[in-house]
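Welcome! Take a moment to look over the structure below, and then let us walk through some of its parts together.

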Amino acid sequence: MMTVHEASRLAGVSVRTLQYYDKIGLLRPSGYTDSGYRLYDDAALEKLQQILLFRELEFPLKEIKEILSSPDFDRHRALKQQIELLTMKKEHLENLIHFARGLQSIGVRNMDFSVFDTKKMDEYAKRAKEQWGKTPEYEEYERKTKERTPDEEKEVEQQLMRLFAEFGELKDHNSASPKVQGQVRKLQNFISEYFYKCTKEILSSLGQMYAGGGEMTQNIDKMGGKGTAVFVAKAIQTYCKN
């Protein structure tokens with residue numbers, strides 16, 4: 001675990017930036033010291049890397065939050081697309097540098113503006129954004145959450161946490177047992193009813209996220225006891241293979 005000052009130095013961002021990311025819900029700390037200072041684990045630092053890559057591509061913070069919160073967000077696919085966009089950006093900058101040097105050496109006017117054209121890069125970014133954050137599942141999630149009042153939203157969150165508490169009571173069972181697998185099905189049905197259609201593919205990704213460390217893992221373990229998040233993830237993977 002790193003303190004906010006250590007994470008700040010490692011990532012090359014200010015402490016104030018990390019505090020702001022926490023404030024807007026973009027990057028929550030993994031925990032706190034006894035003195036109340038923010039702490040960041042490996043999962044949080046990996047998420048910070050994703051945020052900074054999107055920032056290099058000039059994505060607004062609001063869009064980055066939507067992308068990373070999407071139930072269908074695929075980190076590996078996003079990284080591949082980020083590399084493609086960064087490569088395009090690099091080529092664009094190299095062309096601009098070559099163009100500027102040409103103007104400097106020739107010393108005459110050049111009416112060629114094609115070097116400033118970013119249409120190809122903009123179109124690729126647009127398609128990537130659509131894949132990252134505008135899936136049918138995410139649109140359904142947005143619609144359902146907007147329809148609920150704050151009290152209703154709180155009740156849904158509490159019900160979800162109770163499901164994880166029930167998983168905690170089953171930790172002494174085999175993750176493949178009918179009782180545990182029935183609990184996974186109950187979780188899947190709950191997500192489909194209150195958030196979005198939870199396919200096995202999406203459920204499998206959620207299981208990996210539950211055990212991936214950070215705030216989500218901590219909250220699940222808080223409800224069901226230490227090791228619950230990993231147990232849930234294992235039970236989900238068994239369920240999704242059948």
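Let us begin with helix H12 (residues 228-241): at 1.5 Å a residue, its 14 residues should span 20 Å, and because its end C-alpha atoms are 20 Å apart, the two values agree. The expected span here is 1.5 Å times one less than the number of residues in the helix. Helices (H or I, at least four residues) and strands (E, at least two) are DSSP runs, numbered from the N terminus.

Before going on, please note that this is a predicted model, in which local features need pLDDT of at least 70, side-chain atom pairs count only at pLDDT 80 or more, and totals for chains, interfaces and linings use all residues. Residues are numbered from 1 along each chain as its sequence is written, and side-chain values use heavy atoms, with hydrogens and water left out.

**The whole protein**

The protein has twelve helices and three strands. Of its 242 residues, 38% are buried, where buried means under 20% relative accessible area, exposed over 50%, and partly exposed in between (1.4 Å probe, protein chains only). Contact means heavy atoms within 4.5 Å. Among contacts between residues at least 6 apart in sequence, 62% join residues at least 24 apart.

**Helix H12 and its partners**

Which residues of H12 are buried? They are Thr228, Ala229, Phe231, Val232, Ala233, Ala235, Ile236, Tyr239 and Cys240.

Two packed helices are described by the angle between their axes and the distance between the axes. Axes are lines fitted to C-alpha atoms, for helices over the stretch in contact, and angles run from 0 to 180 degrees between N-to-C directions. Angles under 35 degrees count as roughly parallel, over 145 as roughly antiparallel, 65 to 115 as roughly perpendicular and the rest as oblique.

The axes of helix H9 (residues 178-194) and H12 come within 9 Å and cross at roughly 90 degrees, so H9 is roughly perpendicular to H12. On the H9 side, the residues that meet H12 are Val180, Gln181, Val184, Arg185, Leu187 and Gln188; their counterparts in H12 are Phe231, Ala235, Ile236, Thr238 and Tyr239. By class, this contact has seven nonpolar, three polar and one charged residue. Ala, Val, Leu, Ile, Met, Phe, Trp, Tyr, Cys and Pro count as nonpolar, Asp, Glu, Lys and Arg as charged, and the others, Gly among them, as polar.

H8 and H12 also have axes that come within 9 Å and cross at roughly 90 degrees. These two helices are therefore roughly perpendicular to each other. Phe164, Phe167 and Gly168 of H8 make the contact with Thr228, Phe231 and Val232 of H12.

**Three buried residues**

| Residue | Place | Relative accessible area |
|---|---|---|
| Leucine 48 | helix H3 (residues 42-56) | 3% |
| Isoleucine 67 | helix H4 (residues 61-69) | 4% |
| Arginine 148 | loop between helix H7 (136-147) and helix H8 (150-168) | 14% |

What does leucine 48 touch, leaving aside neighbours within four places in sequence? Its contacts are Ala11, Leu18, Tyr21 and Leu27. Arginine 148, not counting residues up to four places away, touches Glu153, Val156, Tyr194 and Phe195.

**The small strands**

Finally, an open sheet of three strands has the order S1-S3-S2, with antiparallel pairing. Strand S1 (2-3) and strand S2 (31-32) are the edge strands, each pairing on one side only. Two strands pair if DSSP finds at least two bridges between them. S2 and strand S3 (residues 38-40) run antiparallel and are joined by two bridges; the bridge partner of glycine 31 in S3 is leucine 39.
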